[in-house]
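Please open the model in a viewer and keep the selection panel at hand. The tour proceeds from individual contacts to the surrounding space.

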Amino acid sequence: MPTALITGASRGIGLEFVRQYSSDGWRVLACCRTPDAAADLIAVDGEVSVHPLDVASPKAIRALAAEIDAPLDVVVANAGLGGKTAGSFGAIDYAGWDETFAVNVRGVVATAEAFAPHLKRAKGRLAAISSLMGSIEDASSGALCYRSTKAAVNMAMTIIAAELAPDGVAAAPFHPGWVKTDMGGPGAPTGVTESVTGLRRLIAEMTPTASPPFLDFKGKRLPW
Ligand SMILES: NC(=O)c1ccc[n+]([C@@H]2O[C@H](COP(=O)([O-])OP(=O)(O)OC[C@H]3O[C@@H](n4cnc5c(N)ncnc54)[C@H](OP(=O)(O)O)[C@@H]3O)[C@@H](O)[C@H]2O)c1
């Protein structure tokens, strides 16, 4: 039975990853900040175990990694903040930006570091849920703080891909589309089912490489 670990699994895109991998017969390690408040996650059928994890804490990530003695076929570093507390240019809340960076960038990197040994044992795949908002070529005004975290995580994932490729582990960032979740809002054009179905197909096709592409959930190549 293949095993996937998902961060930010309480709702939105992360919860849908848990549902889809589980209904496909995978064992799923579903990580979320507050399991007691994650009723939808607890209700998912199958081989799902729920683990408390705040990805802003590298120490907590390392502690969970030490507890898990299983090769991991897939790790999805999905947990993210939309940067609402960070303000915008002219009125940036630097503490809010730090908080967004801690989750969107350091959280992904710490997850990659802590679970690299588990991924190496399975020659597995690490996907970070980034955003087209992190594309420098695509950028215009607005959302400075969120965009810069996603640009940073794209850089980090490129380095991580090169670090892990010699051990047979594939790593890449993905854009999930503009998705109907709490973060994406009700007006988003893409549903979670469609987004995650596409992302899972692409994750299954990942191969170890020192220079991964930046793809959206449909497999379209995006500019860095
Ligand atoms: N929706 C979109 O249109 C869209 C577009 C591009 C990229 N993305 C990216 O996709 C990912 C998932 O977003 P979403 O749309 O599903 O957002 P969402 O509905 O707001 O869910 C965000 C998830 O991240 C978790 N999270 C936040 N901070 C965390 C922390 N410190 N530790 C652990 N988990 C934490 C939340 O947990 P709690 O329930 O505990 O708050 C929740 O499970 C994010 O990285 C986001 O940037 C989304």
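Begin by selecting the ligand together with Asp-54: an N or O atom in the side chain of Asp-54 lies 2.8 Å from a nitrogen atom of the ligand. Bear in mind throughout that the model is predicted.

Next, add Gly-8, where the contact is made by the backbone: one of its N or O atoms is placed 3.1 Å from an oxygen atom of the ligand. Then select Gly-184, of which a polar backbone atom is 3.5 Å from a nitrogen atom of the ligand. Of the 890 Å² that the ligand exposes when taken alone, the protein buries 93%.

Now expand the selection to the shell around the ligand. This shell holds 28 residues, and Ser-10, Arg-33, Tyr-146, Val-179 and Thr-181 are the closest. Colouring the shell by residue class gives 13 nonpolar, 10 polar and 5 charged residues. Switching to a cartoon view, one finds that helix 1 and helix 5 each contribute at least two residues to the shell.

Which space does the ligand take? It is the largest pocket. Hide the ligand and display this pocket, whose volume is about 990 Å³. Its lining comprises 40 residues; select Asn-78, Gly-80, Leu-81, Thr-181 and Met-183 to see those nearest the pocket centre. Thr-181 thus appears twice on the tour, among the residues closest to the ligand and among those nearest the centre of the pocket.

Colour the lining by class as well: 19 residues are nonpolar, 14 polar and 7 charged.

Finally, select helix 1 (12-23), strand 2 (27-32) and helix 5 (144-164), each of which supplies at least two lining residues of the largest pocket. Which of these elements gives the largest share of the lining? It is helix 1, with 3 residues.

Methods
Residues numbered from 1 in each chain as written. Predicted model: local features only at pLDDT ≥ 70, side-chain atom pairs only at ≥ 80, totals over all residues. Heavy atoms only, no water. 1 Å grid on protein atoms, 1.4 Å probe; cavity = no way out; pocket = protein on both sides within 12 Å on 5 of 7 lines; lining within 4 Å. Points joined across faces, edges and corners; volume = space filled by probe spheres on them. Helix = DSSP H or I, 4+ residues; strand = E, 2+ residues; numbered from the N terminus. Nonpolar A, V, L, I, M, F, W, Y, C, P; charged D, E, K, R; others polar. Near = heavy atom within 4 Å. Polar contact = N/O pair within 3.5 Å; in protein donor to acceptor, adjacent residues only side chain to side chain. Areas by Shrake-Rupley, 256 points an atom, 1.4 Å probe, with all protein chains shown as cover. Sits in = over half its atoms within 2 Å of the grid points.
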